[in-house]
Amino acid sequence: MDKQKKYNAHESTIIDHRAQIGEGTKIWHFSHIMAHSIVGNNCNIGQNVVISPNVKLGNGVKIQNNVSVYTGVTCEDDVFLGPSMVFTNVINPRSFIERKEQFLETYVEKGATIGANATLVCGNRIGAYALIGAGAVITKPVLPYALVMGNPAKQVGWVSKYGHRLQFNHEQIATCPESGEQYQLTKNSILPL
């Protein structure tokens with residue numbers, strides 16, 4: 001590993017040879033960054049986190065404690081992974097059958113949040129700025145800006161880029177109470193105005 005690293009890692013962290021870690025990233029206690037994984041700039045990797053081989057994390061990703069990001073997962077910039085949330089990577093695991101060639105990809109788009117203890121069944125795409133509630137079980141793709149909750153997770157509304165639930169008027173326009181940004185509801189999606 002390059003001795004002139006531009007990231008900070010606690011001494012208990014294991015960083016395998018050929019892992020790429022971006023500038024300004026912080027990695028906390030007892031985490032393991034495995035070979036051939038890519039961690040972007042200014043990420044915050046919590047305590048007891050495992051980043052498996054070939055995982056790709058964009059810039060500004062925040063991973064809370066006790067999360068394993070398995071091979072097949074890609075997270076774009078500014079994704080938030082809540083404490084103890086779970087990714088899977090094989091749809092039908094068996095301890096006596098090796099299925100490493102059958103990993104299904106899970107893709108988390110820019111700015112999405114996955115709440116504490118949520119579970120993402122592999123092979124799904126999480127849309128940009130979606131908000132997945134704590135404890136939700138994701139079994140199908142999630143639309144951009146969607147608010148989903150429950151087991152199995154169901155869409156219960158829409159959120160702004162800032163994570164506020166949107167209330168649409170008779171013209172199907174909503175305003176984020178924090179940013180003032182407006183959104184238009186059209187069919188089964190929303191568009192920032």
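This report walks through a nine-strand sheet and then visits two loop residues. The model is a predicted one, so please read every value below as computed from that prediction.

**The sheet**

Let us begin with the overall arrangement. Nine strands make up an open sheet, and following them across gives the order β1-β4-β7-β10-β13-β16-β19-β21-β22, with mixed pairing. The edges belong to β1 (8–9) and β22, each of which pairs on one side only.

What does "mixed" look like in practice? Three pairs of strands give a feel for the pairing, and the table sets them side by side.

| Strands | Sense and bridges | Residues standing opposite |
|---|---|---|
| β7 (44–45) and β10 | parallel, two bridges | N44 and K62 |
| β19 (131–132) and β21 (146–149) | parallel, two bridges | I132 and V148 |
| β21 and β22 (154–158) | antiparallel, four bridges | M149 and K154 |

Strand β21 is a good place to pause. On one side, β21 pairs with β19 in the parallel sense, while its partnership with β22 is antiparallel. Together, β21 and β22 form a hairpin with four residues between them. Within that turn, G150 has a positive phi of about 100°. M149 in β21 faces K154 across the antiparallel pair.

**N66, in a loop after β10**

Now for a residue outside the strands. N66 sits in the loop that links β10 (62–63) to β11 (68–69). Is N66 buried, partly exposed or exposed? Its relative accessibility is 40%, so N66 counts as partly exposed, because that class lies between the 20% limit for buried and the 50% limit for exposed.

Setting aside neighbours within four places in sequence, N66 touches Q47, N48, V49, S84 and M85. One of these partners, N48, also meets N66 through a polar contact between the two side chains, at 2.9 Å. Another, M85, lies 19 residues away along the chain, yet the C-alpha atoms of N66 and M85 are separated by 7.7 Å.

**S52, in a loop after β8**

Our second stop is S52, found in the loop between β8 (50–51) and β9 (56–57). Where N66 is partly exposed, S52 is buried, because its relative accessible area is 7% and the limit for buried is under 20%. Which residues does S52 contact, leaving aside neighbours within four places in sequence? They are M34, S37, V69, Y70 and T71.

Note on methods
Residues numbered from 1 in each chain as written. Predicted model: local features only at pLDDT ≥ 70, side-chain atom pairs only at ≥ 80, totals over all residues. Heavy atoms only, no water. Buried < 20%, exposed > 50% of the residue type's maximum accessible area, 1.4 Å probe, protein only. Contact = heavy atoms within 4.5 Å. Polar contact = N/O pair within 3.5 Å; in protein donor to acceptor, adjacent residues only side chain to side chain. Pairing = 2+ DSSP bridges.
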